[in-house]
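Colleague: I am new to reading protein models. Could you walk me through one, feature by feature?

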Amino acid sequence: PDSRASSVRTPCLPPAPVGGAAAARPTLPKTAPPPLRTWEALRCGADGSGAAAQLVRACAWERFGETRLASLHASLQLRLYRPPERFGSAADSLPTQHDRLLAACKLALSAYRTGGEAAAVARLVSLRRHCGFGEAERLWRQHTLDVLLRGSLLRGEQARASALLGEYRRHLAESDGPTDAAWGAELELLLQEGRLLEAIERADELRNTPPTGRGAGSSAPQVVCQLAEARAHSLGGQPVNALLPALSAVALCEGRGLRGLYSSAAQLLAAAQLEVDPPAALQLLQRVRAHVMHHGSADEVARLQLAFAKCRLASLPPYSKAAPPSAQTLQAHVLPPLQEALEGFGKLRAHTEAAEAAYLASRVHATAGATAERDVAAQVFVAAERAATLAAQRPLGRLADYAAEGVLEAHLAELAELDAAEAAVYAT
């Protein structure tokens, strides 16, 4: 693992301070309340006359980052509003089967945040028999591709994600027109493939390309592009250059009330601030901790724990052989969040991030003089690196015909096999 010493902050090798940057620390105002249009959307249909009243509320809460309330209102739309027995009515206040299917698909996406891809795919499989043709089939295909693409990107399956992204973009172009729904996945794939400069250029191009299709702007494209640019600079070893796009993303999230994306932007800003002011970065993470723990996905929680560990490592004084960090300090403040991050990434089979957490744990144990624990963490690091290499080459396979009977069921079996085969590695 020593080959990563030049790119990862550890107490054994603290980075050199950035000259002159500490005097120009970025400051953040307090989180702003949601804009008035968000509250107007939440009040939509409050009198009960609207057909999709709860669905509108679910979409508004989802955009504001309140995932539990979004799931609650989607469930209410599904349970309380039923389509009329006699079709063909012109009354706009009557609910439709489309509204119910959209609410059910949103619940599947909510299941992805809490239970992972397998939980979301299982719900979508149960919906397939209701979505055999027309607008219902289009809706089901769009959400199914979204879930499969998210899962592939999370596990670092670059070859599979590339094929799914092409199919997803084609489907969106046919059904919604020019939309921004796939921009985040496209930029994420470029980052995973190491094409950092191309990712920065593509993010700048997309930021200046306003989407015009149905659903345009639903993914907050400006914020997504800023986050991708900040991540590209951080992955390229230039965290100071990531300060400006990360700070811009935070300001956009605060101004538009995007609490979910605000947490991601704050984590990126904290990673950039590590080179400038580690205590300020730690304070920023503490501001978003409650929201991430209550509303974030398992991946976001694991990333937050890893960021906490890095901040506490960066806050330690420079390493000195005469006075190394005490084992008690490392075991109390650094190893617990590292262990939680490793467990979280291991359950998600996010091998690249698990390898980073295991590498840091190995270095920390080495500094604390725990030889046995160091060796175990190093073995997990090697196994995670190997698993990440295999995952990146995993082909699309039968998922190319994902809508056919039995394909998604076989995919669920494949996910279970991967979990069983790799669980032993991270359990150690």
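Colleague: Let me start with one residue: where is Arg349 found?

Modeller: Keep in mind that this is a predicted model. Arg349 lies in the loop between α15 (335-348) and α16 (351-368). Its phi is positive, about 60°, although Arg349 is not a glycine.

Colleague: Does that loop residue count as buried or exposed, and why?

Modeller: The general idea is a cut-off: buried means under 20% relative accessible area. Arg349 has 8% relative accessibility, so it counts as buried.

Colleague: Zooming out, how many helices and strands does the chain have?

Modeller: The chain has 18 helices and 0 strands. Of its 428 residues, 49% count as buried.

Colleague: Let us pick one helix. What span should α9 have?

Modeller: The general idea is to multiply 1.5 Å by one less than the number of residues. Helix α9 covers residues 221-235, 15 residues, so it should span 21 Å; the end C-alpha atoms are 21 Å apart, which agrees. Just after α9 comes Gly237, with a positive phi of about 80°.

Colleague: How many residues of α9 are buried?

Modeller: In α9, 11 of the 15 residues are buried, so the helix is largely enclosed by the rest of the structure. Among them are Val223, Cys225, Leu227 and His233.

Colleague: Which helices do those buried residues pack against?

Modeller: The buried residues of α9 pack against α7 (183-192), α8 (196-207), α10 (243-256) and α11 (259-273). Try finding each of them in the picture!

How values were computed
Residues numbered from 1 in each chain as written. Predicted model: local features only at pLDDT ≥ 70, side-chain atom pairs only at ≥ 80, totals over all residues. Heavy atoms only, no water. Helix = DSSP H or I, 4+ residues; strand = E, 2+ residues; numbered from the N terminus. Buried < 20%, exposed > 50% of the residue type's maximum accessible area, 1.4 Å probe, protein only. Contact = heavy atoms within 4.5 Å.
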